[in-house]
Amino acid sequence: MNIDEYLFLKALNCPKYLSLDNSHPELKKTAKGHDNLRDKKKVKELAVKLFPGGVFIDKNLNIEERIRQTKELINAPVIYNAAFSVFDIFFTVDILVNNNGKFEIYKITHSSNPKDNQIKSLSFKYFCLKSLGYNITKALIVQINKNYQATQDKTPDLNNLFIIKDYTKNALSLLNSFNQAVIDFQNNFSYYDAGLDIGEQCFKNDCDFKDYCFKDIPEQSVFNLYKLSINEKLRLYKEKIVGIENIPEELAAKRNIWKVQKENKEFIDKKVIKDFIQSLSYPLSFLDFETFSEAVPSYYKQTPYQNIPFQYSLHILEKNGSLTHKEFLCTENKDPRPGLINSLINDLPSEGKIIAFNDKFEKSVIKELLNFQSDFQPGKSDKFDKLLSLNPRFIDLIIPFKKVGFYLPKMNGSFSLKSVLPAMFPNDLELDYKNMEIHNGLLAMDGYFRIKELRLNNDNLDTSEEIEKIKNNLLKYCKLDTFAMVKILQKLIELYKIGEI
Ligand code: SF4
């Protein structure tokens, strides 16, 4: 059987993966929506420039041709996308450097911190090339330097943007295990274990077959138990304790939320809600940012993967119940931060609490905006001082949920806005994200980049239908995020007012 390296390494983690891929590829459900294609492409284009003068093997050619061309060009000083096959496994090397018959292999990643599976992949290439008889001296990863900061210069400083790390020791330490694995693979041992049960392997990486393998797990299962370790969840599962209602009393007694989950009914702790409501001061400003991040920074002082806000929604609730809405969205091809800062400090009331759901994120965005404005000093810039005054005013709407002041079984052990909202308002179409084209932060980021792309490709597209459509979808989505918070708080206030607390 001929397979590629990706599939082989997936099979190493879980033999059932290979079996399902072979027999039921239609069951595969790859992650929807955003992937990092944009970052991957840009990083690769730039990283190869660190190794000039090489020859490319065209990825669009068929496998045999790519392997043939690699063989033919093997004496070139640098080959990009070199292709090989050994043990019936096809693999490629991003950059192959030939120093007079001694080779170095490089894997390019758009990440600043390569994951175990990326190091494993590099190590596997090292093992395979050694098995083919190549003299490989080093296995390295070209990764993003997370401390890189963009300057005013539009062209990134590649020697600063990238870090090259040597993982040869990791590759050497895995040689024996790969050796055994390919022997097993060639003998078909255990590589087609279609009967393998749910286990640790399912939680190591996102698995494309998770929906299929978990199809018999009930909605309220031990896998949804809030903050219980994976090992503990698997231990319960192996003891055939699957539904939350079956978890042992002793375990449920250890955490209030586990007890509540086991009882599977609405739970209200009015004291928690009361404490939260009493800590509020009006006017209340419900704030939500949409941000983008990218591996290769585009704007001054931007760092890799920094969250750069391009949009916010703000609902302002007065004590008398009146509600107003303000918003900002940058859709031009320029740094959105200066415009956003001006708009934000104009729109936000100068007093009262600022409410966010899981406020760490909004506070970190404001902190980054302060760094961006650090040319100004406290007391010397009105703008800087106003920004500086925001973070201490935040209060996190997730608190009453995390403290189990209010719990509904439909929350399934998760207190994210996207779990709490439908559980609290199951039939309210006004609060339903499901039918929205943009319904999460990653899609919002994709929408933002799509507008940029459309503008770059044609400056006359400002009023094009597609841009207008994406703009409206972005505005609708972000507005719902803050409106949802208003509704959640109003519901908590209702609960607070019912009966005695
Ligand atoms: S969900 Fe788990 S058992 Fe199923 S293929 Fe993936 S890793 Fe294997």
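**Overall build, central sheet and ligand shell**

Of the 501 residues of the protein chain, 32% count as buried, where buried denotes 20 or more other C-beta atoms within 10 Å of a residue's own, exposed 12 or fewer, and partly exposed anything in between, with C-beta atoms placed from the backbone. The model is a predicted one, in which local features need pLDDT of at least 70 and side-chain atom pairs count only at pLDDT 80 or more, while totals for chains, interfaces and linings use all residues. Residues are numbered from 1 along each chain as its sequence is written.

The secondary structure of the protein chain amounts to 20 helices and 14 strands; these are DSSP runs numbered from the N terminus, with helices being H or I of at least four residues and strands E of at least two. The C-alpha trace of the protein chain spans about 80 × 60 × 40 Å along its principal axes. Among contacts in the protein chain with a separation of 6 or more, 67% are between residues 24 or more positions apart, a contact being two residues whose C-beta atoms, placed from the backbone, lie within 7 Å.

We can turn next to the sheet. Five strands form an open sheet of mixed pairing, in the order 11-10-9-12-13; two strands pair if DSSP finds at least two bridges between them. Strand 11 (323–329) and strand 13 (394–396) stand at the edges with a single partner strand each, so one side of each is left without a neighbour in the sheet. From one strand to the next, the twist averages 25 degrees, with axes fitted as lines to C-alpha atoms (for helices over the stretch in contact) and angles running from 0 to 180 degrees between N-to-C directions.

Strand 9 (residues 284–292) runs parallel to strand 12 (residues 354–356), to which 2 bridges join it; here Ser285 has Ile354 of strand 12 as its bridge partner. With strand 10, strand 9 runs antiparallel and is joined by 9 bridges. Leu287 has Leu314 as its bridge partner in strand 10, and Phe286 stands opposite His315 of that strand. Strand 9 is mostly covered, with 9 of its 9 residues buried. Its two faces are both covered: Leu284, Phe286, Asp288, Glu290 and Phe292 are buried on one side, as are Ser285, Leu287, Phe289 and Thr291 on the other.

Strand 10 is largely enclosed by the rest of the structure, because 10 of its 10 residues are buried. Strand 10 also pairs with strand 11 in the antiparallel sense, over 7 bridges, and the bridge partner of Leu314 in strand 11 is Lys326. These two strands, 10 and 11, form a hairpin with 5 residues between them, and Gly321 in the turn has a positive phi of about 95 degrees. Beyond the hairpin, Lys334 has its place in the loop between strand 11 and helix 14 (337–347). Lys334 is exposed, because 12 other C-beta atoms lie within 10 Å.

Helix 20 (residues 465–497) lies across strand 9, strand 10, strand 11 and strand 12, running at about 40 degrees to strand 10. Helix 20 has 33 residues and reaches 47 Å from its first C-alpha to its last, close to the 48 Å expected at 1.5 Å a residue, the expected span being 1.5 Å times one less than the number of residues. Among the buried residues of helix 20 are Ile470, Leu474, Tyr477, Cys478, Asp481, Met485, Ile488 and Leu492.

Last comes the ligand. The residues around the ligand are Cys14, Lys16, Tyr17, Leu20, Leu196, Ile198, Gln201, Cys202, Cys207, Phe209, Lys210 and Cys213, a residue being near a molecule if its C-beta atom, placed from the backbone, lies within 6 Å of it. Helix 2 (15–23) and helix 9 (210–213) each supply at least two residues of this shell, and helix 2 gives the most, with 3 residues. By class, the shell has 9 nonpolar, 1 polar and 2 charged residues; Ala, Val, Leu, Ile, Met, Phe, Trp, Tyr, Cys and Pro count as nonpolar, Asp, Glu, Lys and Arg as charged, and the others, Gly among them, as polar.
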